[in-house]
Amino acid sequence: MNKMGFGFLRLPQTDDGTINGTLLNQMVDAFLERGGVYFDTAYTYLNGQSETALREALVKRHPRERFQIADKLPSWMVRSIQDRQRYFTEQQERCGVDYFDVYLLHWLNQRNYEICERYDEFTFLQELKAKGKVGKIGFSYHDSAALLDEILTAHPETEIVQLQINYLDWDSAAIESRKCYEIATRHGKSVVVMEPIKGGTLTKLPPKAEELFRAYCQDSPARWALRFVQSLPQADIVLSGMNSMEQILENMEDVKPLTVLEQTVIRQVAHIIEEETAVACTGCQYCMATCPKGIPIPDFFAIYNACQRDPGEKWKIQPIYQRMASDYAKASDCIQCGQCESHCPQRLMIISHLKEVAGTFE
């Protein structure tokens, strides 16, 4: 069993921050050689570089029938009926394709759904499908199970729902992964899983959690996380934002569904992680796009979590904070505008957490 898809959100980069095209070409080739076919991108990923990287590494180098491309309309950026077609046309040009196998409305939540309805974006997707410009249609989602039920009831034409699902968020009261999965299943929708390793955070576990995994088998923490989501019957594709050849090779190995005992182990590990994680940030950087002060929020949360797990290491972490604060901005520079919180898929109380970061390092 292997349901892996290649997410183009976290790609390998060179020292100067540009995408490492040579390595990406090798990764795409290896993914295809091992049976992978599904590639996922979006208009806003990597400031637009994701779609063009996909064109160069995939579209220009392999026959179109060998792969599927999923792209997403930046639903919250639409400000007119004309914007819908304008963004779609630009995405076709960036990706170098005439059609998308899957086309989704990107990042629906309460606020973005209102924008979507205002500009009739679901109808636009249906029109594209009727013209043969897209295959399956749907949306990616970050909000409550109740709202998801409302949207799917209003729009039965939806075929695919892309959901954040991983074992740490499965029973989360904020993310509601399980409830959202069950809603999508009840409506008979195909589920594409995003963030199965929670932005890479489930690869580096507290020692106690990793020891528990190792006591049962030698699978890596990442493999445990991927087996969890691939074991879900309604999950058709599991996206991983891979940025190294090692990740490609490990993720493309066949996996066995979790046993009942292993499901219990997963729940125990989740409990350990929850106890030792101060801020459940995945590093997606959506908050960074709107911060007027340019505060490196995900980086600050990463080092804050490290300090909370091991306070004795603060003397090593403090200089890292000072360097980042000097290069960008301090946590205390936050003006509490709230734009970051409205864009956070994890629904974190970012303003409050930044105060904690400032209190720790400043």
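This passage describes the strand barrel of a predicted model and the packing of some of its helices. Local features were taken at pLDDT of at least 70 and side-chain atom pairs at pLDDT 80 or more, whereas totals for chains, interfaces and linings use all residues. Residues are numbered from 1 along each chain as its sequence is written, and side-chain values use heavy atoms, with hydrogens and water left out.

Eight strands close into a barrel in the order β1-β2-β3-β4-β5-β6-β7-β8 with parallel pairing, strands being DSSP runs of E with at least two residues and helices runs of H or I with at least four, numbered from the N terminus, and two strands pairing if DSSP finds at least two bridges between them. Strand β1 (residues 4-7) is joined to β2 (residues 38-40) by two bridges, and Phe6 has Phe39 of β2 as its bridge partner.

In helix α7 (residues 177-186), the buried residues (under 20% relative accessible area, 1.4 Å probe, protein chains only) are Ser177, Cys180, Tyr181, Ile183 and Ala184. Because these residues cover an arc of only 160° around the axis, they lie on the same side of α7, the arc being that of the directions from the helix axis to the C-beta atoms. Their cover includes β5 (134-141), α6 (145-154), β6 (160-164), β7 (190-194) and β8 (235-240), where contact means heavy atoms within 4.5 Å. Just after α7, Gly188 adopts a positive phi of about 75°.

Technical notes: Buried means under 20% relative accessible area, exposed over 50%, partly exposed in between (1.4 Å probe, protein chains only).
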